[in-house]
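Walk through this fold with the structure open beside the text. The route goes from the overall layout to the core, then out to the charged pairs and the surface.

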Amino acid sequence: VIDFFGQKTNAFTGAAAIARRCEVPIFLIFIHRESDGRHTLTVEPGLFVDKTEDRAADVRRVTQTINNRLEEWIRRYAGRYIKNPQSVMLVRIFFML
């Protein structure tokens with residue numbers, strides 16, 4: 001369970017769990033449409049999962065970090081999501097894969 005827009009919710013933990021097990025980074029990727037119709041793709045620096053004795057806490061911490069970044073991007077482009085709420089899910093699916 002993580003916080004997302006101030007609400008407790010379940011979140012996909014697979015990316016964090018796999019990254020922790022394989023010791024590979026997660027690259028957060030965002031795409032949005034500019035006002036002139038072009039698309040901008042942003043790839044953030046790799047996010048590594050610190051491995052501690054508590055696997056569940058490691059996965060939860062990184063899953064929260066991923067969703068915090070998603071929330072920041074949705075807030076940045078909020079007007080576009082209000083006009084087309086389905087865009088939030090499309091960005092989230094793309095973001096999580």
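Start with how the chain folds back on itself. Among contacts with a separation of 6 or more, 55% join residues 24 or more positions apart. The model is a predicted one. The chain has 97 residues, and 34% of them are buried. Its exposed surface comes to about 6,500 Å², with carbon and sulfur atoms supplying 56% of that area.

The secondary structure consists of four helices and four strands. Read from the N terminus, the order is β-β-α-β-β-α-α-α.

Go next to the interior. The largest nonpolar core holds 16 residues. Within this core, I26, L28, F30, V49, V62, I66 and L70 touch the most other members. Helices α1 and α2 each supply at least two of the core residues. Helix α2 gives the most, with six residues.

Helix α2 is worth following further. The helix covers residues 55-76, and T63 is found in it. Is T63 buried or exposed? T63 has a relative accessible area of 2%, so it counts as buried, the cut-off being under 20%. The T63 side chain is polar at one end, and a polar atom there lies 2.8 Å from the backbone oxygen of V59. T63 also touches parts of the chain beyond its sequence neighbours. Leaving aside residues within four places, its contacts are I2, A11, F12, T13 and A16.

E71 is also in helix α2. Its relative accessibility is 14%, so E71 counts as buried too. Which residues does E71 contact, leaving aside its neighbours within four places in sequence? They are F4 and F5. The link to F5 includes a polar approach: the E71 side chain reaches the backbone nitrogen of F5 at 2.8 Å.

Now look at the same meeting point from the other side. F5 sits in the loop between β1 (2-4) and β2 (7-9). With a relative accessible area of 31%, F5 is partly exposed. Beyond its neighbours within four places, F5 is in contact with E71, I74 and R75. F5 and R75 are 70 residues apart along the chain, yet their C-alpha atoms are separated by 9.5 Å.

Charged pairs come next. The structure holds eight salt bridges. One of them joins D3 and K8, with the closest N and O atoms 3.0 Å apart. D3 is partly exposed, at a relative accessible area of 34%. K8 is exposed, at 61%.

Another salt bridge joins the side chains of D58 and R20, at 2.8 Å from N to O. D58 lies in helix α2 and R20 in helix α1 (residues 14-22), so this pair ties together parts that are 38 residues apart in sequence. Both D58 and R20 are buried. The pair also belongs to a wider arrangement: R20, D58 and R61 are linked in a network of salt bridges.

A further salt bridge is formed by E23 and K51, whose closest N and O atoms are 3.4 Å apart. This pair links distant parts of the chain, 28 residues apart. E23 is in the loop between α1 and β3, and K51 is in the loop between β4 (39-43) and α2. How accessible is each partner? E23 has 57% relative accessibility, so it counts as exposed. K51 has 47%, so it counts as partly exposed.

Finish on the nonpolar surface. Which residues make a nonpolar surface patch of about 370 Å²? They are F27, I31, L41 and V43. I31 has its place in strand β3 (residues 29-33). It is partly exposed, with a relative accessible area of 38%. A patch residue needs over 30% relative accessible area, so I31 passes that cut-off.

Put the pieces together. Helix α2 is the element to keep in view: it gives the most residues to the largest nonpolar core. Helix α2 holds D58, which pairs with R20 of helix α1. E71 of the same helix reaches the backbone nitrogen of F5, in the loop between β1 and β2.

How values were computed
Residues are numbered from 1 along each chain as its sequence is written. This is a predicted model: local features need pLDDT of at least 70, side-chain atom pairs count only at pLDDT 80 or more; totals for chains, interfaces and linings use all residues. Side-chain values use heavy atoms; hydrogens and water are left out. Patches are made of residues with over 30% relative accessible area and no salt bridge: like charges are joined within 9 Å, nonpolar side chains (Val, Leu, Ile, Met, Phe, Trp, Tyr) within 5 Å. Accessible areas come from the Shrake-Rupley method with a 1.4 Å probe; for residues, only the protein chains shown count as cover. A salt bridge is a side-chain nitrogen of Lys or Arg within 4 Å of a carboxyl oxygen of Asp or Glu. Buried means under 20% relative accessible area, exposed over 50%, partly exposed in between (1.4 Å probe, protein chains only). A polar contact is a pair of N or O atoms within 3.5 Å; within protein, one must be able to donate a hydrogen and the other to accept it, and residues adjacent in sequence count only if both atoms are side-chain atoms. Contact means heavy atoms within 4.5 Å. A nonpolar core is a set of buried Ala, Val, Leu, Ile, Met, Phe, Trp, Tyr and Cys residues joined through side-chain atoms within 4.5 Å.
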